[in-house]
Amino acid sequence: MLNEKKMVKVAVGVIIRDQKILLSKRPDHLHQGGLWEFPGGKIENNETVEDALGRELAEELGVQVIRSESLMDVKHDYIDKSVLLQVHMVRHFIGGPTEADTLGEEGQLVRWVPIEELDHYEFPAANQSILMAIKNSSLS
Ligand SMILES: Nc1nc2c([nH]c(=O)n2[C@@H]2O[C@H](COP(=O)(O)OP(=O)(O)OP(=O)(O)O)[C@@H](O)[C@H]2O)c(=O)[nH]1
Ligand SMILES: [Mg+2]
């Protein structure tokens with residue numbers, strides 16, 4: 001359709017353990033490359049958010065989600081595309097990187113970051129409201 005950007009639905013996981021959140025660095029060549037993100041990826045046809053979240057976190061991090069809860073939906077228009085981020089909190093999971101690990105399953109940088117240090121990282125613009133929600137909520 002004329003002048004209509006494609007809208008991409010994305011399952012995003014805010015993975016929390018011991019007041020730290022697992023961040024992943026987007027490879028330079030990807031959309032919003034070089035920035036830190038909450039792990040996740042595109043929701044495919046016929047998938048629920050939970051399906052996509054489980055699949056992406058397993059592929060990218062070796063994380064097996066036991067249970068997640070919806071935090072918020074964020075719609076954002078980038079110049080080249082629109083995204084709908086369906087953000088879930090993930091507190092119950094098995095596996096994934098330890099605090100000592102620096103690389104995820106796809107060779108990307110990963111890091112467990114204390115909530116109060118999230119400000120030190122650069123994220124895609126769509127993530128600002130998610131960061132606000134994390135800082136303002138009683139995740140502690
Ligand atoms: N995973 C993730 N994607 C985000 C975040 N913020 C944000 O704007 N996005 C955007 O959401 C879109 C989809 O994410 P993605 O690249 O992880 O999708 P994917 O894992 O399925 O990648 P693929 O297409 O290489 O298979 C990208 O355009 C990305 O820029 C975030 O915090 N996490
Ligand atoms: Mg991804």
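**Note on helix α1, its strands and ligand 1**

1. In this predicted model, the buried residues of helix α1 pack against β1, β4, β5, β6 and β7 (110-114), where contact is taken as C-beta atoms, placed from the backbone, lying within 7 Å. Helices (H or I, at least four residues) and strands (E, at least two) are DSSP runs, numbered from the N terminus.

2. The buried residues of α1 are A52, L53, G54, E56, L57 and L61, a residue being called buried if 20 or more other C-beta atoms, placed from the backbone, lie within 10 Å of its own. After α1 comes G62, which has a positive phi near 70°.

3. Strand β6 (residues 82-95) pairs with β1 (residues 7-17) in the parallel sense over nine bridges, with M7 opposite S82; pairing requires at least two DSSP bridges between two strands. Strand β5 (residues 63-77) runs antiparallel to β6, the two being joined by 12 bridges, and R67 stands opposite H92. A hairpin of four residues leads from β5 to β6.

4. Ligand 1 is surrounded by 18 residues, of which Q32, E37, G41, K42 and P124 are the closest, nearness meaning a C-beta atom, placed from the backbone, within 6 Å. At least two residues of this shell come from each of β1, β4 (40-42) and β6.

5. Residues are numbered from 1 along each chain as its sequence is written, while chains are lettered from A and ligands numbered from 1 in the order in which they are written. Local features need pLDDT of at least 70 and side-chain atom pairs count only at pLDDT 80 or more, whereas totals for chains, interfaces and linings use all residues.

Terms used:
A residue is buried if 20 or more other C-beta atoms lie within 10 Å of its own, exposed if 12 or fewer, and partly exposed in between; C-beta atoms are placed from the backbone. Two residues are in contact if their C-beta atoms, placed from the backbone, lie within 7 Å.
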